[in-house]
Amino acid sequence: MKAIITGANRGIGFALATTLKAKGWEVLALCRKATPELKALGVSIEEGVDVTSENSLQKIADRHKDEKFDLLINNAGINHRMNLDAINYEAIHELFETNTLGPIKTTLAFLPLLNEGAKIAMISSIAGSIGDIKEGGRYGYRMSKAALNSFSKTLSIDLKEKNIPVIILHPGLVQTDMTEGSGDFTPAQAAENLLKRIEELTLEKTGSFLRATGEPLPF
Ligand SMILES: NC(=O)c1ccc[n+]([C@@H]2O[C@H](COP(=O)([O-])OP(=O)(O)OC[C@H]3O[C@@H](n4cnc5c(N)ncnc54)[C@H](OP(=O)(O)O)[C@@H]3O)[C@@H](O)[C@H]2O)c1
């Protein structure tokens, strides 16, 4: 079984690559720049892959056009903290470019390389759940993930006929650079949980938005 992961050089993406490799998967790790840890993992690595750049994605998709993959994990993402008194349009733009348009561009570039019956996982966030908003702040990040969820849900319907289920996942609060190392889960624990949900994914469950621990989330 073969998987493609974006943002595989550190954080949750690296943990996903590590866990999949340990489970016997072949991994194509996409990243802007490989870390020594990723280089030491023994998976296929493609550097220079910026999810905001269609060109960089297409170049890699073309290079692997004779391969078929069983799983695409759209993991790469960024966060900018933003309250009402400090709305920053440039930062919001960057959040949408990376967290929303990035997974769209990646999915479209690699869709022709997916097997029938392959799976697509979007690493979204509970922050993208409009139904769950209980406090203010976090403007751009929430918006970018809510838009990702909207794309992913729509995609899940369009890809049903190709027999490709799509799942939208919240990894939990995970100890990575994004959270400055705080959180409830180590990246390895988060990766295990996320991969359990992906394993359970069937066409009947396509379009679901779940915590990595399995509980459904409202859109
Ligand atoms: N950590 C949490 O608690 C948490 C909670 C909810 C959701 N998430 C989501 O989980 C995913 C992974 O987050 P993380 O915690 O592992 O964050 P992280 O440690 O900051 O890692 C982010 C990863 O995304 C990559 N990336 C960012 N912008 C990119 C771009 N334009 N092109 C290619 N790669 C790019 C980074 O690559 P570089 O090294 O090149 O920057 C890095 O590999 C994100 O989508 C995040 O929103 C995380």
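## Two helices that cross

Helix α1 and helix α6 cross at roughly 65°, and their axes come within 8 Å of each other. The handedness of this crossing is right-handed. On the α1 side, the contact is made by G11, I12, F14, A15, L16, T19 and L20. On the α6 side, the residues involved are P187, A188, A190, A191, E192, L194 and L195. Keep in mind that this is a predicted model.

## The chain as a whole

Zooming out, the protein chain has six helices and seven strands. Going along the sequence, they follow the pattern β-α-β-α-β-α-β-α-β-α-β-α-β. The C-alpha atoms fit a box of roughly 50 × 40 × 35 Å along the principal axes.

What radius of gyration would a compact globule with 219 residues have? The answer is near 17 Å, and the protein chain comes in at 16 Å, which agrees. Of the 219 residues, 42% count as buried. As for contacts with a separation of 6 or more, 64% of them are between residues 24 or more positions apart.

## Helix α1, mostly covered

Back to α1, which covers residues 11–22. Its 12 residues should span 16 Å at 1.5 Å a residue, and the end C-alpha atoms are 17 Å apart, so the two agree. How many of the 12 residues are buried? Nine of them are, which leaves α1 mostly covered. They are G11, I12, G13, F14, A15, L16, A17, T18 and L20.

What do those buried residues pack against? The strands on the list are β1 (2–5), β2 (26–30), β4 (69–74) and β5 (114–123), and the helices are α2 (36–41) and α6 (187–200). After α1 comes G24, with a positive phi near 95°.

## Helix α6 and R197

The partner helix, α6, has 14 residues and reaches 20 Å from its first C-alpha to its last, close to the 20 Å expected at 1.5 Å a residue. Its buried residues are P187, A190, A191, N193, L194, L195, R197 and I198. The cover over them includes α1, along with the strands β4, β5, β6 (166–170) and β7 (208–211).

One residue to click on here is R197, which sits in α6. Is R197 buried or exposed? It is buried, because 21 other C-beta atoms lie within 10 Å and the cut-off for buried is 20 or more. Leaving out residues up to four places away in sequence, R197 touches I167, L169, L210, A212 and G214. Take L210 from that list: R197 and L210 are 13 residues apart along the chain, and their C-alpha atoms are separated by 8.2 Å.

## Another pair: α4 and α5

Helix α4 (residues 89–110) and helix α5 (residues 139–158) also pack together, with axes 8 Å apart and an angle of about 20°. That makes α4 and α5 roughly parallel to each other, because angles under 35 degrees count as such. The crossing of α4 past α5 is right-handed.

Which residues make the contact? From α4 there are A91, I92, L95, F96, N99, T100, P103, I104 and T107. From α5 there are G140, Y141, M143, S144, K145, A147, L148, F151 and L155.

## L57 in helix α3

Helix α3 runs over residues 54–63 and holds L57. With 23 C-beta neighbours inside 10 Å, L57 counts as buried. Setting aside neighbours within four places in sequence, its contacts are V49, V51, K105, T106 and A109. There is also the pairing of L57 with G102: 45 residues apart in sequence, 9.7 Å apart in space from C-alpha to C-alpha.

## Two loop residues with positive phi

N163 is not a glycine, yet its phi is positive, at about 65°. You'll find N163 in the loop between α5 and β6. With 12 other C-beta atoms within 10 Å, N163 is exposed, because 12 or fewer is the cut-off.

E180 is another residue other than glycine with a positive phi, this time near 50°. Its place is in the loop between β6 and α6. How many other C-beta atoms lie within 10 Å of E180? The count is 8, so E180 is exposed.

Terms used
Residues numbered from 1 in each chain as written. Predicted model: local features only at pLDDT ≥ 70, side-chain atom pairs only at ≥ 80, totals over all residues. Helix = DSSP H or I, 4+ residues; strand = E, 2+ residues; numbered from the N terminus. Expected span 1.5 Å × (residues − 1). Contact = placed C-beta atoms within 7 Å. Rg over C-alpha atoms; globule rule 2.2 N^0.38 Å. Axes fitted to C-alpha atoms, helices over the stretch in contact; angles between N-to-C directions. Parallel < 35°, antiparallel > 145°, perpendicular 65-115°, else oblique. Left-handed = near helix turned anticlockwise from the far one by under 90°.
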